[in-house]
Amino acid sequence: MSEENKENMQQEEGVKINIETPEAEVAENAEELQEAENQAEETDMGGGEIGILKKQVENLENILKEKNEEILRRAADLDNYRKRLTKETEDKVRFANQAVVKDFLPVIDNIEMALQHTEEGSPLREGIELTIKLFKDVLSRHGVTEINSEIGTVFDPAVHEAIMMDNLAEYENNTVTLCVQKGYILNDRVIRPAKVKVNKI
């Protein structure tokens, strides 16, 4: 073989090599690109599923939070209802005899009025005083107390009812100058306010 033919063959092989090499690179790059695209697609799919799961978890957490708040509200309502029911029941027991006590108050008033028309030291007066004392002792055992409405007592609108006014220099302003009708309290509840005359200077 001549030197010229050898050179031509070498050139052809070189050309063939040069032609085949880019195709191999393209194929290799195509495979890498396809693999990269597959990985990206898998990543996108995975990210989407994770995003959906996160959203579901977030929704469930919100539902759980709402349910917990609702349970707390209902528990508070139930506790308030229980307390209110307990107080109402206690009040019914404490003030069950209120109507009876109020019916007896005019009786005490009449007995005390009768006492004012008896002579000092007389047996009748002593008997009436004893009756009044026994009467008030019984009422006291049932939670009834007399409202302080003595002369000079500071007027208290919570327990006193002003029905008349005075303008006397010997008494301080806004003090009781006369008790017209005694008042009574049953277990811290005013069942009849004391009717009084109040000094206004």
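On a 1 Å grid over the protein atoms alone, a pocket is an open set of points where a 1.4 Å probe fits, with protein on both sides within 12 Å along at least five of seven lines. Its volume is the space filled by probe spheres set on the points, which are joined across faces, edges and corners.

With that in hand, here's the chain. This is a predicted model, where local features need pLDDT of at least 70, side-chain atom pairs count only at pLDDT 80 or more, and totals for chains, interfaces and linings use all residues. Residues are numbered from 1 along each chain as its sequence is written, and side-chain values use heavy atoms, with hydrogens and water left out.

The pattern along the sequence reads α-α-α-β-β-β-β-β-β, giving three helices and six strands (DSSP runs numbered from the N terminus: helices are H or I with at least four residues, strands E with at least two). Of the 201 residues, 19% count as buried.

Back to the pocket. The largest one has a volume of about 270 Å³. Helix H2 gives the most to its lining, with five residues, and strand S3 (176-181) also gives two or more. Lining residues (those with an atom within 4 Å of a point) include Asp109, Met113, Cys179 and Lys182.

What about aromatic pairs? A search of the whole structure finds one (ring centres of Phe, Tyr or Trp, taking the six-membered ring of Trp, within 6.5 Å; planes under 30 degrees apart are stacked, over 60 edge-to-face, the rest tilted). Phenylalanine 104 and phenylalanine 135 have ring centres 5.7 Å apart and planes at 70°, so the pair is edge-to-face. The pair links H2 (residues 98-116) with H3 (residues 123-141), its two members being 31 residues apart.

Another ring has a charge for company: arginine 189 lies over the face of phenylalanine 95, at 3.6 Å from the ring centre (CZ of Arg or NZ of Lys within 6 Å of the centre and within 35 degrees of the ring normal).

Here is how three residues fare for cover (buried is under 20% relative accessible area, exposed over 50%, partly exposed in between, using a 1.4 Å probe and protein chains only):

| Residue | Relative accessible area | State |
|---|---|---|
| Phenylalanine 104 | 39% | partly exposed |
| Phenylalanine 135 | 18% | buried |
| Methionine 165 | 52% | exposed |

Methionine 165 sits in strand S2 (residues 160-166). Setting aside neighbours within four places in sequence, methionine 165 is in contact (heavy atoms within 4.5 Å) with Lys197, Val198 and Lys200.
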